There are 2 protein chains.
Amino acid sequence: MADRGRQLKLGAFLMTPGHHVAAWRYPDTTASEVLKFKFYKKLAQTAERGKFDLLFLADGYAVSETYPEAVAQTVTVRPEPITLLSALSSVTEHVGLVATVSTTYNEPFHVARKFASLDHLSDGRAAWNVVTSGNPAEAQNFNKDHHLLHSLRYERAEEFLNVVTGLWNSWEDDAFVYDKENATFADRSKLHTLHHKGEWFSVRGPLNVARPVQGHPVIVQAGASEPGKELAARTAEVIFTAWQTLEEAQAFYADVKGRLGQYGRSPGELVIMPGVFPIIGRTEAEAAEKKALLEQLIPQEAGVSLLSNLISFDLSAYPVDGPLPDLPHLDQINGGKSRFTLLKDLAERESLTIRQLYQRIAGARGHREIIGTPVQIADQLEEWFVHGAADGFNIMPPYLPGGLEDFVDLVVPELQKRGLFRTAYKGTTLRENLGLKRPPHPAAAQLAPLT
Amino acid sequence: MADRGRQLKLGAFLMTPGHHVAAWRYPDTTASEVLKFKFYKKLAQTAERGKFDLLFLADGYAVSETYPEAVAQTVTVRPEPITLLSALSSVTEHVGLVATVSTTYNEPFHVARKFASLDHLSDGRAAWNVVTSGNPAEAQNFNKDHHLLHSLRYERAEEFLNVVTGLWNSWEDDAFVYDKENATFADRSKLHTLHHKGEWFSVRGPLNVARPVQGHPVIVQAGASEPGKELAARTAEVIFTAWQTLEEAQAFYADVKGRLGQYGRSPGELVIMPGVFPIIGRTEAEAAEKKALLEQLIPQEAGVSLLSNLISFDLSAYPVDGPLPDLPHLDQINGGKSRFTLLKDLAERESLTIRQLYQRIAGARGHREIIGTPVQIADQLEEWFVHGAADGFNIMPPYLPGGLEDFVDLVVPELQKRGLFRTAYKGTTLRENLGLKRPPHPAAAQLAPLT
């Protein structure tokens with residue numbers, strides 16, 4: 001390894017009962033457990049057995065009914081992430097808890113408070129995956145006819161993040177003194193009222209939760225559009241991102257790490273974790289069989305629907321064995337812009353039909369798919385890690401619990417053997433395990449000696 | 001007992017580190033654990049050991065800075081209730097989980113989803129205490145200059161509840177079929193899209209969580225004003241309420257139970273649980289000593305501040321050893337109207353000074369205070385229970401964990417000996433333990449045979 005001793009970070013991205021759109025039909029999965037706590041408890045404890053840095057939960061605020069058949073053919077119901085991760089916090093000890101929460105349909109006070117609470121209750125393991133939402137159906141569940149424009153979502157997100165961070169700093173770390181004798185629970189001089197008045201929010205503060213154990217819960221982002229990269233360079237501590245090729249991933253890695261300096265940050269302050277969808281077999285043949293079975297299980301309408309949602313363009317009227325139609329210009333897309341570009345380029349590069357394209361993305365959804373034996377999987381992870389494309393990976397098991405168990409039992413030992421991954425947790429907080437420093441309170445930072 | 005076999009219901013109202021405003025100074029409490037999970041885990045498991053029906057958590061969305069000294073002298077930071085109860089759901093098995101969430105500063109989609117999630121994850125133990133918020137400082141944390149008027153808050157609350165209930169009914173109970181062979185996860189004919197468009201909310205639906213285990217999480221309310229009582233008669237399944245005397249409690253009980261018929265409901269469909277603040281001693285002298293110590297520990301500013309907040313009127317400029325000043329008419333009060341009336345009447349009835357009044361309410365906050373030996377405490381609970389004033393009680397321990405442990409170890413056995421309280425959980429859901437029926441899905445109700 002170029003950087004001796006550098007180890008990769010691993011996230012367990014738990015889309016239940018698996019990332020593949022047909023996962024629930026896979027023989028190994030019990031689709032009926034998708035709202036049962038015992039199912040998630042087993043997954044969380046498996047990830048912790050594998051020394052994963054974090055559990056990662058995506059989220060959305062709607063059942064999309066655009067493609068009616070897909071409603072019947074896919075899993076549309078899952079627990080809300082903060083509720084679930086809070087429940088999991090008390091049956092795990094080490095693994096980080098990353099909940100996706102949108103800045104477009106929430107209030108900063110509630111978001112600051114829930115993550116601060118989870119961070120206290122989990123002794124410093126909370127992280128927030130900041131998203132701006134990309135599904136127009138969500139707007140209609142929140143008193144709106146239309147989805148907010150992409151550029152406005154990012155403006156709102158930036159102010160939202162500032163407010164949340166400000167609220168987390170309401171109290172200095174040592175504000176609570178618990179002095180029974182002198183009737184002083186809190187030192188009022190260490191209370192900072194925010195008084196925020198901005199374009200999107202007016203929030204007085206202070207927060208009615210103490211400063212989080214980690215200072216701030218870890219900030220995760222996934223946007224790869226231009227405003228997404230700028231926001232990430234300024235504020236993100238982990239980036240979850242989707243790339244198909246080493247070259248693309250390297251370019252993104254260099255681009256975003258290169259932007260950090262402008263904001264007074266060093267490259268080590270941001271952990272870049274591309275998504276990886278692994279199909280693991282004890283032999284190459286077994287892996288290929290698993291992949292073939294998953295593809296065969298995709299109902300056509302569910303496949304077209306998934307693809308249409310990912311590119312924010314309705315493909316249901318086009319022949320499934322024909323090419324992609326002429327798509328709108330990127331400027332017209334008000335969903336995930338980077339995903340749109342990635343899939344359009346992939347279809348053009350490999351001349352894929354609609355069916356071939358949805359089969360390709362029905363598991364990884366545009367993320368990197370790797371397939372093979374544990375050694376081959378480890379090789380592919382190592383390649384990106386040592387060649388400047390990743391600091392770690394967000395693992396997207398095709399089906400659960402089997403896909404995660406295979407990774408933990410077969411791939412993790414191989415990574416450990418190569419010295420690429422920890423054999424025991426070293427830190428007590430998520431921030432420590434990720435190698436991220438704890439942000440000092442602004443008041444303490446001002447007082448720090450100039451050395 | 002008049003109604004042979006009827007047993008009372010018990011809630012553990014966990015205001016940490018105790019309900020008394022000086023609880024954190026009490027020798028028995030560890031004030032520094034107010035954000036630590038292990039503290040709450042111990043409390044929850046103690047309540048479950050005592051066969052309590054439910055844990056009850058209040059909530060608010062601000063640190064009130066109206067009385068600066070009180071900020072230093074009181075506990076202003078606690079975990080957010082849904083986060084905390086979710087964490088507790090996985091270390092308990094039987095006890096109900098009641099979270100307070102305001103309809104004034106939330107979105108129905110999020111509230112429906114979080115309670116549905118908690119109900120699934122806890123196997124049917126979730127309940128929602130519906131409040132409309134009473135503290136003007138909260139408005140300023142949610143982009144508003146002023147607190148919404150009392151009457152408008154209740155209009156909004158009613159529509160909010162309708163939307164949440166509608167979202168819980170998005171899917172019929174048997175909508176999910178998990179048919180791998182035929183690629184049918186859900187039966188689309190059992191999906192009901194809400195399409196709500198009202199005065200306050202426009203929410204399309206459906207909810208992306210299955211119908212809750214309990215049909216609906218149990219609905220709890222606390223309002224005792226005229227609109228509060230009407231809303232409760234129409235929609236509440238548990239009422240948490242505050243009365244000082246048997247006569248008042250009986251009148252309220254008869255009033256609200258009498259309103260149920262108008263909405264096609266029977267008296268058994270609503271459980272009335274007044275709050276009770278118990279000071280328990282092994283002897284009368286020990287109980288009296290505890291009470292005297294608690295009173296002595298109240299910092300004056302904290303006492304005046306608490307009282308001012310409860311009556312929504314600033315008393316800080318008035319002599320603390322003088323009477324209450326002339327208070328505004330009830331119509332001018334935009335906080336908790338029933339609490340205002342209760343405290344004003346109490347002060348007049350007993351000619352209390354401001355100090356005497358805050359000492360009286362510094363623990364119970366207007367709820368009934370009972371003091372004495374376990375037998376005396378049980379006598380006082382039994383009196384209200386058998387004389388048509390209560391179906392059970394929400395117990396408000398003065399300090400924690402000791403106040404709850406004393407109740408469980410000393411009072412519960414006395415109630416059990418009298419046949420007034422269960423010795424084992426009988427139901428598996430909160431609804432079953434409370435004797436409340438599971439609401440059928442409206443579609444199933446329509447199909448029910450007319451017998």
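In the predicted model, B:Phe240 touches B:Phe13, B:Phe56, B:Gln221, B:Ala222, B:Met273, B:Pro274, B:Gly275, B:His367 and B:Asn394, leaving aside residues up to four places away in sequence. B:Phe240 belongs to strand 10 of chain B, which covers residues 238–241. Because its relative accessibility is 8%, B:Phe240 counts as buried, the limit for this class being under 20%. The C-alpha atoms of B:Phe240 and B:His94 are 20 Å apart in space, and the two residues are 146 apart in sequence.

One of the residues touched by B:Phe240 is B:Asn394, which is part of strand 13 of chain B (residues 392–395). In a regular strand the side chains alternate between the two faces of the sheet. On one side of strand 13 of chain B are B:Gly392 and B:Asn394, and on the other are B:Phe393 and B:Ile395. These four residues are all buried, and both faces of the strand are thus covered. Strand 13 of chain B runs parallel to strand 1 of chain B (residues 9–13), to which it is joined by four bridges. Within this pairing, B:Lys9 has B:Gly392 as its bridge partner. Strand 13 of chain B also pairs in the parallel sense with strand 11 of chain B (residues 271–280), here over two bridges. B:Ile395 of strand 13 stands opposite B:Val276.

Helix 3 of chain B (residues 81–89) is largely enclosed by the rest of the structure, because nine of its nine residues are buried. Among them are B:Pro81, B:Ile82, B:Thr83, B:Leu84 and B:Leu85. The buried residues of this helix pack against elements of both chains. From chain A these are helix 3 (81–89) and helix 4 (108–121). From chain B they are helix 1 (37–49), strand 2 (54–57), strand 3 (96–102) and helix 4 (108–121).

Some backbone features were also examined. Most residues other than glycine have a negative phi, and most peptide bonds are trans. In chain A, the peptide bond that joins A:Thr16 and A:Pro17 is cis, with omega at about -5°. A:Pro17 is located in the loop between strand 1 (9–13) and helix 1 (37–49) of chain A. In chain B, a cis peptide bond joins B:Thr16 and B:Pro17, and its omega is about -5°. B:Pro17 lies in the loop between strand 1 and helix 1 of chain B.

A:Ser312 is not a glycine, yet its phi is positive, at about 55°. This residue is found in the loop between helix 10 (300–311) and helix 11 (337–350) of chain A. With a relative accessibility of 32%, A:Ser312 counts as partly exposed. B:Ser312 likewise has a positive phi of about 55° although it is not a glycine. The loop that holds B:Ser312 lies between helix 10 (300–311) and helix 11 (337–350) of chain B. B:Ser312 has 33% relative accessibility and therefore counts as partly exposed.

Chain A as a whole contains 16 helices and 13 strands. Its radius of gyration is 22 Å, which agrees with the value near 22 Å for a compact globule of 451 residues. The C-alpha atoms of chain A fill a box of roughly 75 × 55 × 45 Å along the principal axes. Of the 451 residues in chain A, 62% are buried. The area exposed by chain A is about 16400 Å², with 50% of it supplied by carbon and sulfur atoms.

Key: Residues numbered from 1 in each chain as written. Chains lettered and ligands numbered in written order. Predicted model: local features only at pLDDT ≥ 70, side-chain atom pairs only at ≥ 80, totals over all residues. Heavy atoms only, no water. Rg over C-alpha atoms; globule rule 2.2 N^0.38 Å. Buried < 20%, exposed > 50% of the residue type's maximum accessible area, 1.4 Å probe, protein only. Areas by Shrake-Rupley, 256 points an atom, 1.4 Å probe, with all protein chains shown as cover. Pairing = 2+ DSSP bridges. Contact = heavy atoms within 4.5 Å.
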